[in-house]
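Me: I should be grateful for a close look at a single part of this chain, namely its aromatic pair, set against the rest of the fold.

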Amino acid sequence: MAKVKSKWVCTECGYETAGYLGKCPECGAWGTLVEEVQFTSKPQIKDEFINKEKPELLKDIHIGEEVRVSTNISEFDRILGGGLVQGSLVLIAGDPGIGKSTILLQTSGELCKNNKKVLYVSAEESASQLKLRAQRLSINADNLYIYPQTSMENIKTQIEEIMPDVVVVDSIQAIYSQNVASSAGSVSQIRECTNLLMHIAKSKNITIIVIGHVTKDGNIAGPKVLEHMVDTVIYFEGDKYKSYRMLRAMKNRFGNTSEVGIFEMCTDGLKCVTNPNELFLNERSQVAVPGSAIVVTNEGSRPLLVEIQSLVGTTPYPSPRRVANGVDTSRVLQILAVLEKRVGLNLSKQDVYVNVMGGIDVYEPSADLGIALAVATCARDVVVDPQTVIIGEIGLSGEIHPVNNIEKRLNEAVMTGFKKAIIPYANKVTDNRIEIVPVKRLIDAITACVSAQ
Ligand code: TYD
Ligand code: MG
């Protein structure tokens, strides 16, 4: 396979050029151009992708039964939508050391208990290292094959020979295919290897789980196409320095994407956390402090109670600082703008820090009101009653929008021992287990907090 020429392709927008450029002229991104090598003859493997099937009429298509295999790990099953779908390609991405290899070795062990044959391809660790980890995790499986290998072609041969039910590839950045001249981990290699794995998964009906590393800015290393190619994308999140971890489905062709699975990293592996609210709230200080508010976000099918903290103080800098951890910074800026314009809270000379406790990321707009109250109470040096939960999305004119699943959220708050809930007026419900304060505008919510002092 002779190399004819190489081209440089932008991983962000697909712009192509003959030579390297630091900045993409098309999308303006820096350092995103990567080399791709073109060949005179097409790689042979591509022929396998030629589909011999003919188009079928929709009415004649027979739906085969979707076969799901339980991983025996309840939180993992939850984000997968009830178990691994046979013949699917799943990508698990996360920072180094977060626990990707651990959870997949545990999953492999559990699958073997269900009489499944598993092939664990380790491109990063040796067989003895994996054996040590398996001992630590007390995995005793007869049907678990460990294969330290980096060549995609060898992996394919072994899959065809062993014909496992599930294959784990640890990691996609460490394997390479001979069809592509660039080194392992390059965009072309990742694309080629994923393509091959996808083909194996679909043609042989084998479930393949692929591990992917993430870059400094939190994206999966490699092209965005990787996410498009696979059936399911799961991110492993959490604070490496704390014991809990979260699996979040970002894309799932076979289930709900907003599901979250929560685990605790123990000395003998990852354990499912069945009551996450205790975990997220147990770090709270028992004394009420200004700038703290409890919100109820709805992660998939389960509401989560999370503490939002804020610190507001006069800035020593020429322009005030705005720092947000665990929530979108632009969302916080919008809430601050509403607080200034609609409530009259002057923050132009104040630094504002907003932090979500527990290392969890909150994406849901129902946390808006909690963020606003954390900032407003800190600025005014009053406290939000620690027995109160705050639920509501804020509109630009300061109105409070309703949220979905209010009963579920309130139920969770009651179960966790909260006595009062500030909720959107449009969500008004009667619940005699908890005092409900329905609010129409942001100012009403602030007044309700301040007048309760
Ligand atoms: P690992 O699964 O190797 O992470 P990744 O594959 O995402 O890079 O996890 C490594 C970390 O987990 C390491 O710091 C040690 C810790 N760990 C435990 O705390 N308990 C355990 O039982 C295991 C296996 C690992
Ligand atoms: Mg690993």
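Reply: What follows describes the aromatic pair and then turns to other local features and to the chain as a whole.

The model is a predicted one. A pair of aromatic rings is described by the distance of the centres and the angle of the planes. The count of such pairs here comes to one. Its members are Trp-8 and Tyr-20, whose ring centres lie 5.1 Å apart and whose planes meet at 70 degrees, so the pair is edge-to-face. That label follows because planes over 60 degrees apart count as edge-to-face. Trp-8 belongs to strand β1, which covers residues 3-10, whereas Tyr-20 lies in the loop between β2 (16-17) and β3 (33-39); the pair therefore ties together parts that are twelve residues apart in sequence. Tyr-20 has a relative accessible area of 49% and is partly exposed, because the exposed class requires a value over 50%.

Two other tyrosine rings have a charged group over them. At Tyr-317 the ring lies beneath the charged end of Arg-321, which is 5.5 Å from the ring centre. At Tyr-425 the corresponding group is the charged end of Lys-440, 4.5 Å from the centre of the ring.

A further arginine, Arg-136, illustrates a link between parts distant in sequence. Arg-136 lies in helix α3, which runs over residues 127-136. With a relative accessibility of 56%, Arg-136 counts as exposed. When neighbours within four places in sequence are left aside, Arg-136 is in contact with Thr-267 and Asp-268. The C-alpha atom of Gly-269 is 7.7 Å from that of Arg-136, although 133 residues separate the two along the chain.

The backbone also deserves attention. Most residues other than glycine have a negative phi, and most peptide bonds are trans. Against that background, the bond joining Asp-170 and Ser-171 is a cis peptide bond, with omega at about 5 degrees. Ser-171 is found in the loop between β9 (166-170) and α5 (187-204). Asn-115 has a positive phi, near 65 degrees, and is not a glycine. Asn-115 sits in the loop between α2 (100-113) and β7 (118-122), and its relative accessible area of 66% makes it exposed. Met-163, also a residue other than glycine, has a positive phi of about 50 degrees. The loop that holds Met-163 lies between α4 (152-162) and β9. Met-163 is partly exposed, at a relative accessible area of 39%.

These details belong to a chain of 453 residues, of which 50% are buried. The chain has eleven helices and 23 strands, and its C-alpha trace spans about 75 × 55 × 55 Å along the principal axes. Among contacts with a separation of 6 or more, 66% are between residues 24 or more positions apart. The exposed surface of the chain is about 21,500 Å², and carbon and sulfur atoms supply 49% of that area. The chain carries 48 positive and 52 negative charges, and the mean positions of the two sets are 3 Å apart.

To return to the part requested, the ring of Trp-8 in strand β1 and the ring of Tyr-20 in the loop between β2 and β3 form the edge-to-face pair.

How values were computed
Residues are numbered from 1 along each chain as its sequence is written. Chains are lettered from A and ligands numbered from 1 in the order in which they are written. This is a predicted model: local features need pLDDT of at least 70, side-chain atom pairs count only at pLDDT 80 or more; totals for chains, interfaces and linings use all residues. Side-chain values use heavy atoms; hydrogens and water are left out. Helices (H or I, at least four residues) and strands (E, at least two) are DSSP runs, numbered from the N terminus. Buried means under 20% relative accessible area, exposed over 50%, partly exposed in between (1.4 Å probe, protein chains only). Contact means heavy atoms within 4.5 Å. Accessible areas come from the Shrake-Rupley method with a 1.4 Å probe; for residues, only the protein chains shown count as cover. Lys and Arg count as positive and Asp and Glu as negative; His and the chain ends are not counted. The place of a charge is taken as NZ of Lys, CZ of Arg, CG of Asp or CD of Glu. Rings of Phe, Tyr and Trp (its six-membered ring) pair if their centres lie within 6.5 Å; planes under 30 degrees apart count as stacked, over 60 as edge-to-face and the rest as tilted. A charge sits over a ring if NZ of Lys or CZ of Arg is within 6 Å of the ring centre and within 35 degrees of the ring normal.
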